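Let's take a walk through a protein with DNA beside it. Have a look at the picture first, turn it around a few times, and then read on.

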Amino acid sequence: MGTFHSVFAKILRNHSQKIGYPTNFTIYDSQDSKSLLKTIIKELNLDDKIYKPSLVHGRISSAKNNLISAAEYEANAEIVGEDRMSAKPRLFEIYKTYEKRCFMAGAMDFDDLLFKTNILLRDHPEVLHYYQHKFKYILVDEYQDTNYSQYLIVKKLAAVFTNICVVGDDAQSIYSFRGANIENILNFKNDYPDYKIFKLEQNYRSTQTIVNAANSVIEKNQDQIQKTVWTSNDVGQKIKVIRTLTDNEEGKVVTNHIYETKQNEQANNLDFAILYRTNAQSRAFEEALRKMNLPYKIYGGLSFYQRKEIKDLLGYFRLVANPTDEEALKRVINYPKRGIGDSSIERVIIAANHYGVSLWDIISRPRDYPTDIPSGAMNKISGFVTMIESFRVQLNKVDAHEMAQAIARSSGILKELYDDKSPEGVSRYENIQALLAGIKEFTENVGEDEIGYLHDFLSDVALLTDADQEKDENKDHITLMTIHASKGLEFPYVYVVGLEENLFPSQMALHSRPELEEERRLFYVALTRAEKLATLSYATSRYRYGNIITSEPSRFIEEINAEFLDIANPSRGAGVSMNQFNLERKIGRTKEPLFTTRRNLKKIEDSDPTNEQSATTEINPSDLSDLKVGYNVKHERFGKGKVVGLEGTPPIKATVFFPQVGNKQLLLKFAKLEILS
DNA sequence: CTTGCAATGACTGAT
DNA sequence: TCATTGCAAG
């Protein structure tokens, strides 16, 4: 039992040589992947403003999730055409180089764990045969969140016995951004014609109010499989809606509300969850909870294993276990500082590319691979190599904890952090100690007469999350997490916070119906986490990038059938009779009818305090109001371009194609476009 | 090669 | 706001 990634990482380790990888292959996390892509983009002399590493990564990731190799990517006219249209014609080169470099480094990224599993099962029938008979029965949970790559693995493994059961709910599909494909549920019928379907329409978790409210929201989606979810539970309380002026106030009000509910209902902290759209929202709630002395735990966010100091030490571990690991080498070769700077590392990379070997080969065998690295730097480098090699001698002799301590000490990391007496430095030092303690525990927990080696510990540390290393599980705390992380969980009292346009739904999702519908499903997931009481909150202004921005309530609040809502409003009092279009008025937010404000595109930020009211209306009406699709325009930064799309009447936003940079969405209010013809 | 300061840009989401 | 990058000086 495990996630796809962890199960197949283990299987890949058993057979890695068959596909040309070392047993000790490294798993690159997203940070590693992006960092490598950044280096490659620089090497190819491409502009990382156009070839943004995260964008490139997303593109490669979705290719892999659809089992498109770099060679197939290059040969695929449609894909290459798309890249050319978006002014990124050399993406396939980046993909090819990236694939090669990962292979040279003995590293797989997250997507490779599935991609290479498919290759292993495709090219090695004996391996496939073995696992087909090892796993006679297969159960896949949250099937709506599987992607094509995962789908194919399951299909292959189940091909002999066809003992397969999948559980999924299309209304809870919230991972399409990582390639999840709802089609997999539909394909199931074709792949296994003898299938039996069991509809689970009774909800045993939530009150009638919550179930019906959630239904009233999800029915706004066009893409859905029709079903009637119902419950025989109590009607329960109405869903509370809280409005506050600022994000900090939101934290306080929600915390107070939790405090009171705890008193009134004799509830535990564990009965409460605060759910938000983005990790960055946790801060206001942390502060408020700490002031009220309410224990809480934040899941996700910068997890333990993603912190810099932890990644640094793990970088040493990785390098010792697998010296060809390029990202690990780059991370630690000059940390702590030992006088090996960027230019020296660059020379190493150039030499490695020139000889077609790993970075480690260059620095560990300078005689075989002469370089132009100055002798001073080379001396420092060989000192580093000697240190790593001395660790490697020990690798299979002593256990993980002994090894880890030796590395932490001799590398200088421990001293470096110990000397830093700032609060952050102290906390980093403690984190390192916590990691070492965790490794100690690991070595003590392997079976008798066995030794837990460092590479055993390392083998799937990249796949660990906070939830895995849960130690104080029995402690009574309030739970803070993103909605994504909350899927599958349940709490008596749930607070869904930050229900504001541009935040939830995210501004990234406003441009297309499928994306907006995924946000709506996310909201559906959030609501249905609640057993007894769901509370929604939003703030009319919040800090973003250090500026205060104004925000308006999320459309999702209105989409709940008004009979299920209890809108806390000091001025008007809660009313049942008002229909949902009156919500804005009920809340007392605006004098204007809803639909006209909705049509005005939201300003992304409005930092000019003198100008708050007029900002939405003062669209330069004179020259740009008659802008039409097809016009040639000029932008001060992007140069000449052609208008390919417009939104609003009069136009507020334009999509403009610039030959240099591709399509850009511009707010006319800011863009200062000049009409050429 | 490192350091310090100014400028810049990022906040979806997670294996 | 916070972390990273670019640039000039030491």
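First, a bit of vocabulary: a residue is near a molecule or strand if one of its heavy atoms lies within 4 Å of it. With that in hand, start at DNA strand C, where the residues around the strand are Lys38, Tyr545 and Gly546. Of the atoms of DNA strand C that come within 4 Å of the protein, sugar and phosphate account for 33%.

Before going further, some ground rules. This is a predicted model, so local features need pLDDT of at least 70 and side-chain atom pairs count only at pLDDT 80 or more, while totals for chains, interfaces and linings use all residues. Residues are numbered from 1 along each chain as its sequence is written, chains are lettered from A and ligands numbered from 1 in the order in which they are written, and side-chain values use heavy atoms, with hydrogens and water left out.

Next come polar contacts. A polar contact is a pair of N or O atoms within 3.5 Å; within protein, one must be able to donate a hydrogen and the other to accept it, and residues adjacent in sequence count only if both atoms are side-chain atoms. Lys38 gives you one: a polar atom of its side chain sits 2.2 Å from a phosphate oxygen of DNA strand C.

Now swing over to DNA strand B, which has 26 residues around it; Arg277, Asn279, Ser343, Ser344 and Thr482 come nearest. Here sugar and phosphate make up 43% of the strand's atoms that come within 4 Å of the protein. What kinds of residues line the surface near DNA strand B? Seven are nonpolar, 14 polar and five charged. For this count, Ala, Val, Leu, Ile, Met, Phe, Trp, Tyr, Cys and Pro are nonpolar, Asp, Glu, Lys and Arg are charged, and the others, Gly among them, are polar. In the side chain of His5, an N or O atom is 3.0 Å from a base oxygen of DNA strand B. Ser30 also has a polar side-chain atom 3.0 Å from a base oxygen of this strand. With Thr3, the partner is a sugar or linking oxygen, 3.5 Å away from a side-chain N or O atom.

Let's zoom out to chain A, which has 29 helices and 17 strands. Those are DSSP runs numbered from the N terminus: helices are H or I with at least four residues, strands are E with at least two. Of the chain's 677 residues, 48% are buried, where buried means under 20% relative accessible area, exposed over 50%, and partly exposed in between (1.4 Å probe, protein chains only).

Helix α1 covers residues 4-15. Its end C-alpha atoms are 17 Å apart, which agrees with the expected 16 Å; that expected span is 1.5 Å times one less than the number of residues. Buried residues in α1 include Phe4, Phe8 and Arg13.

Is Arg13 buried or exposed? Arg13 counts as buried because its relative accessibility is 15%. A polar atom of the Arg13 side chain lies 3.1 Å from the backbone oxygen of Thr23, and one lies 2.9 Å from the backbone oxygen of Phe25. Beyond its neighbours within four places in sequence, Arg13 is in contact (heavy atoms within 4.5 Å) with residues including Asn24, Ile27 and Ser459.
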